[in-house]
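This note collects several local features for a colleague's consideration. The points below may be read alongside the sequence and the coordinates.

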Amino acid sequence: MGIWFDANGWPVPPVVLLICLVGETLYLRGWSVIVNREQVRDAGSRAGEPWPAWLWRGAFFTAAIFTFLLAASAPIDTLSASLFWVHMVQHLLLLVVMAPLLVAGAPLLPLWWGLPRALRAWLQVLARWPLGRAVARLGYWLRQPAISCGLLLAGIWIWHWPTLYDLALTNDLIHDWCEHLIFIAVSVLFWTQIIPSPPLRSRASYLGKMGCIGVAIAQNVVLAILIGFAPHPIYAPYAHMVQWPGGLSALQDQQFGAGIMWTFGDVPFGVAFSVLLQRWLILHTDDIGTNVALGEH
């Protein structure tokens, strides 16, 4: 079967396929409800968000699903067990490609309206229970900018600690359902501070958002330097391999992976920083122009 299918003959694990299918179905069902409501609101000239914005959000969510499928696909998953740089590509797909696309897709409202009415009613009752209120308070606390940023750093660095990294490489359950889920959770939490995702609102100013991105870039560079300039392979499963695909030694493979982390891993952060800087400058310039105009009068 080669690298194109896993040991069970699937190009993508069935559980992942099922999750993506259910998620996309619920999203599209709720998305159509929202778009129809926004179109009616636009036709009646009532205040509301322009419905074409949801066309982009639907495209972003679908792109996030395809990115998740790519990251979980047999070729990447198989090669990541023997090549560090492929494993880095897999992590970056989850952290800086899928996560911002998912946040940009604003999935909470479409997924909510995509649920059956009876289930929504049950969840509304559950939200009024002490457990539901506790979860809401926890979510509010986690979405503090400093907490969101700190959790991203902690999640990335903890899972690149050699002991845990080696454990994940040798245990598929921990690798797929612990390491990767933590990566997705902390990165989505981080990107909700940067990208608008109704009904969530960023609690950071433009300068605060740029600060968070700056910290994310800095930690990514530092981690890449520590891995790339290590004098020897630091992850045992790669170091102990008899033969490496592509003719790379374990150290060369590690350096290549660190280079990918250092360069391509910072591109989404750089793009986001540039957009935020441009908007902050425009806002600041407009404020100065307004103050000058008021002073002239």
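1. Helix axes count as roughly parallel when the angle between them is under 35 degrees. The model discussed here is predicted, and that cut-off is applied to two helix pairs below.

2. The first pair consists of helix H4, residues 84–104, and helix H13, residues 250–262, which pack with their axes 7 Å apart and at an angle of about 20 degrees. Because this angle falls under 35 degrees, H4 and H13 are roughly parallel to each other. The crossing in which H4 passes H13 is right-handed.

3. The second pair is formed by helix H8, residues 145–159, and helix H11, the latter covering 206–228. The angle between H8 and H11 is about 15 degrees, and their axes lie 10 Å apart. H8 is therefore roughly parallel to H11. H8 passes H11 in a right-handed crossing.

4. A nonpolar patch on the surface deserves inspection. Its members are Val 15, Ile 19, Leu 173, Trp 177 and Leu 181, and together they present about 480 Å² of accessible area. Two helices, H1 (14–43) and H10 (172–191), each contribute at least two residues to the patch. H10 gives the most, with three residues.

5. How accessible is Leu 181, and is it buried, partly exposed or exposed? This residue of the patch is located in helix H10. Its relative accessibility is 40%; since partly exposed covers the range between 20% and 50%, Leu 181 counts as partly exposed.

6. Backbone geometry should be checked at Ala 106. Its phi is near 45 degrees, which is a positive value in a residue other than glycine. Ala 106 is placed in the loop between H4 and helix H5, the latter spanning 108–114. With 0% relative accessibility, and buried being defined as under 20%, Ala 106 counts as buried. The loop that holds Ala 106 thus adjoins H4, the helix that packs with H13.

7. Which residues are joined by a cis peptide bond? Pro 198 and Pro 199 are linked in this way, with omega at about 5 degrees. Pro 199 is found in the loop between H10 and H11. The loop therefore connects two helices already discussed: H10, which supplies three residues of the nonpolar patch, and H11, which packs with H8.

Technical notes
Residues are numbered from 1 along each chain as its sequence is written. This is a predicted model: local features need pLDDT of at least 70, side-chain atom pairs count only at pLDDT 80 or more; totals for chains, interfaces and linings use all residues. Side-chain values use heavy atoms; hydrogens and water are left out. Patches are made of residues with over 30% relative accessible area and no salt bridge: like charges are joined within 9 Å, nonpolar side chains (Val, Leu, Ile, Met, Phe, Trp, Tyr) within 5 Å. Accessible areas come from the Shrake-Rupley method with a 1.4 Å probe; for residues, only the protein chains shown count as cover. A salt bridge is a side-chain nitrogen of Lys or Arg within 4 Å of a carboxyl oxygen of Asp or Glu. Helices (H or I, at least four residues) and strands (E, at least two) are DSSP runs, numbered from the N terminus. Buried means under 20% relative accessible area, exposed over 50%, partly exposed in between (1.4 Å probe, protein chains only). Axes are lines fitted to C-alpha atoms, for helices over the stretch in contact, and angles run from 0 to 180 degrees between N-to-C directions. Angles under 35 degrees count as roughly parallel, over 145 as roughly antiparallel, 65 to 115 as roughly perpendicular and the rest as oblique. A crossing is left-handed if the near helix is turned anticlockwise from the far one by less than a right angle, and right-handed if clockwise.
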